[in-house]
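Student: Hi! I'm new to this one. Could you walk me through it while I look?

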Amino acid sequence: MKLKSIGLQVSIAALALAAFATGARAADNECVGKVPTIRVIAQPILTIPFLDKNKGEFETKWNTKVDIQQFGENERRAKSRLDASQGAGAYQVYYIDEANVAEFATNKWVLPLLDLMPKEWDWNDFLEGRRAVATYKDVAYFAPFEGGGDVMMYRKDLLAAKGLQPPKNLDELKKVVAALNDPPNVYGWSERGRRGSGMNVWRWTPFFRGMGGQWFSGDKPTFNSDIGVKATQYYLDLLKFAPPGSGTNTWSEVIEGFRGGQVALIVESDVFGPWAEDKTKSRIAGKVGYAPPPEPLPSAGFAHGFAISTKGNPTDCSKTVAADFVAWSTSKDMEARKVKAGILSDFARKSTLENPDFKAQVNPDYIKALLDTAPKTDLLIWKSPLWPEVGDDLGLQLEEVLTGSQTDIKQALDDAADQASEAIKRAAGQ
Amino acid sequence: MNAANPRAEPFGKLWSHVGFARLALGPPLALLVLMSLPPTIGALLLAFRNVSLMSPGSRWVGFANFARMLTDRRLHNALRISLVWEVVTVAGAVAVAVLLGVLIFETVKGRARDVICLALILPILLPRVSAGLIWRFMYSPLMGIMKYPLQLVGVPPVEYLSQPGTALYAVAVVDIWQWGLFFAVIMLKLLETLPASPLEAARLDYASTWGVHWFVSLPMLRPALITMLFVKAVESLRSFDLIYTMTNGGPGIATETLDLYAYQTGIGMSGRISYAAAMSVLLLILSTLAFSVLWKRSQRWSE
């Protein structure tokens, strides 16, 4: 009797231990049909419609409906934050990026990723840069499906016609874009002006960091230093060679201006390289040259991907199905299928770079520029839960400078620094 | 019975009128109170705390959020922009409605008038977000069609939405395009309902066409015009989606109205829900006060 009781206790303990060892992931076959719907919040990059088109196979596997809801970048960030912070749990999978991973991880709004992923999903196959961005305090929180750094894209034909070489440093950059500027036929340059941590701040930051700027010294903001002013002045000067209206440009207007043939040279996120080569949408396909950004500009590393909501997945089965969706949508197989479908901008895995289909479709100059830029690619923003607010306040001040409603650069940066100090104080007082 | 008590019938009638009014108005009013009280109380409670979407937990902070408003440059700007927006869009829409309504009434007859009315109603049927996106593209200095008329006379493209001086008015044009044209149709239909004799009498006295309308038909339509003004004033307070789609409050803060600023603060990047709630309370108080005063005045204008 006693032996039986000890045996029972050991069995229960073993079961409990086994359950603990496998984390919250339930056995797959137990969860088929147990989760009626998973909702995914996303923003419309090329990967998302592709997943939406192919989600039927996932739905059949789990007998679960997948509802992918798409919003613009800022709306997506705001909506997912609202859902997470209020504990609404309306979404099981969040679309996350470099700007909000710290915030979501610190507040435990997303679950550590690797505990929940299926065994065959290979985390180490992701490019180091993507993994670094998806990780906060040594824990991975999202599975990237897109990312990269910066690259300089220029019209080879226009440079050749003027006998110019691609600029190697910031002095040359100004001279080259001035020489290429021939409005209204073609403008020398274009840049993001619209406010936002992922908009004008994202493109201004390499100038600021490249000139030696640092965000903070302890808790004191230092982006309003002389270097901050110098970087802003340089960014403002370049705007003279940009098309009218560029003071409020989003990345989309920059790219459309470039591939519409109205802009001669840009420094932008490298994912847009294949956009310029898309013959169905680009007037300049085959005429584009690629190179690392001029010295001393570093390359702004970023990554976008899917994370598993904490509140949105109250049951083990919900966690399992959500995790499997993340695994399915970021698998090696999915990346290979995207490449086959001609989606060449959204990749995150090393295996994709080795994929013969990828190599056959992508301009070799572009791949060379990616490899040459890789050593100077880093996460340049302030990695803090407060970044979205600090970055957005700074973005507003920059937009005022770029559109002329604020002519005193130092004052604009001081205002942003004051707001950052206040945000830090407020966060400390909570 | 009635002969014995002559007061009974009027009192009975009065009671029955009051009773019917209570019966008719009671349920909708109760529903209105039920629907509007919880969010109002919720906003008030939030406004006195320091709730943030960035972090869990909050505490009571008294009037700190309201005190902060006194020194908030962006809030002062938002109040000014909201006021300008109200004045420009309300005055613009009603002016367009009156001018266009009278013009069509005087110059177009028969079936052509119906076709024009149909065309004028189309803009209001467009969702605000769609209208905003279409016009944003039309205003584009690089690709938009608005650059062509200027190009013909050698004027360089205008950055309608990127210049702090023009952006608010460029967005207001879209609002007036939607509402002014719709109101023009209403105006036209109102003019058609007026008796012909006063207008004919004025014409016999050699009044000009515009004189006839300025001195005769518009005064006759005063109550309807005042209602139109009120409807547009309330509607203009809810232009968040149009401004958000076209400029997102920019360039800088040149088109940032109070509701847009509250959204940016509370739901946007900052996540400062309590401060945003305090702004909403301010907006509620200001609009209630303004509309109460205007309503009182309008009763005098209507007499």
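Student: Let me start with a small detail. Which residue just after α9(A) takes a positive phi?

Tutor: That is G212(A), with a phi of about 105 degrees. Keep in mind that this is a predicted model.

Student: Okay, and α9(A) itself: how many of its residues are buried?

Tutor: Eleven of the eleven residues of this helix, which spans residues 200-210 of chain A, are buried, so α9(A) is largely enclosed by the rest of the structure. Among the buried ones are W202(A), W204(A), F207(A) and F208(A), and also R203(A) and R209(A).

Student: What covers them?

Tutor: The cover for the buried residues of α9(A) includes β7, α10 (226-238), β13 (299-300) and α18 of chain A.

Student: You mentioned β7. What sheet is formed with it, and in what order do the strands come?

Tutor: It is an open sheet of four strands in chain A, ordered β8-β11-β7-β12, and the pairing is mixed. At the edges are β8 (187-189) and β12 (288-291) of chain A, each of which pairs on one side only. On average, neighbouring strands are turned by 25 degrees against each other, direction ignored.

Student: How many bridges are there between β7(A) and β11(A)?

Tutor: Five, and β7 (residues 150-155) and β11 (residues 263-269) of chain A pair in the antiparallel sense. If you want a spot to look at, find V151(A), which stands opposite E268(A) in β11(A).

Student: And how many bridges link β7(A) with β12(A)?

Tutor: Four, again in the antiparallel sense. Here R155(A) has V288(A) in β12(A) as its bridge partner.

Student: Which side chains of β12(A) point to the buried face?

Tutor: Those of V288(A) and Y290(A), both of which are buried. The side chains alternate along β12(A), and G289(A) and A291(A) point to the other face and are not buried.

Student: Which helix lies across β7 and β11 of chain A?

Tutor: That is α11 (residues 251-259) of chain A, which runs at about 140 degrees to β11(A).

Student: Why is α11(A) called largely enclosed?

Tutor: Because eight of its nine residues are buried. W251(A), I255(A) and F258(A) are among them, as are E253(A), E256(A) and R259(A). The buried residues of α11(A) pack against β7, β11 and α12 (273-276) of chain A.

Student: What follows α11(A)?

Tutor: G261(A) does, and its phi is positive, near 85 degrees.

Student: Changing topic: β6(A) caught my eye. How many of its residues are buried?

Tutor: Six of its six residues, 143-148, are buried, and this strand of chain A is mostly covered. Five bridges join β6(A) to β14 (residues 302-308) of chain A, with the two running antiparallel. One of the places to look is P144(A), whose bridge partner in β14(A) is G305(A).

Student: Last topic, the other chain. How many residues of chain A are in contact with chain B?

Tutor: 30 residues of chain A are in contact with 22 residues of chain B. On the chain A side, the elements that give two or more residues are α4 (73-85) and α18 (387-403).

Student: Which element gives the largest share there?

Tutor: α18(A) does, with seven residues. You met α18 of chain A earlier, as part of the cover over the buried residues of α9(A).

Student: What classes of residue are on that side of chain A?

Tutor: The side of chain A that touches chain B has 14 polar, eight nonpolar and eight charged residues.

Definitions and conventions. Residues are numbered from 1 along each chain as its sequence is written. Chains are lettered from A and ligands numbered from 1 in the order in which they are written. This is a predicted model: local features need pLDDT of at least 70, side-chain atom pairs count only at pLDDT 80 or more; totals for chains, interfaces and linings use all residues. A residue is buried if 20 or more other C-beta atoms lie within 10 Å of its own, exposed if 12 or fewer, and partly exposed in between; C-beta atoms are placed from the backbone. Two strands pair if DSSP finds at least two bridges between them. Two residues are in contact if their C-beta atoms, placed from the backbone, lie within 7 Å. Ala, Val, Leu, Ile, Met, Phe, Trp, Tyr, Cys and Pro count as nonpolar, Asp, Glu, Lys and Arg as charged, and the others, Gly among them, as polar. Axes are lines fitted to C-alpha atoms, for helices over the stretch in contact, and angles run from 0 to 180 degrees between N-to-C directions.
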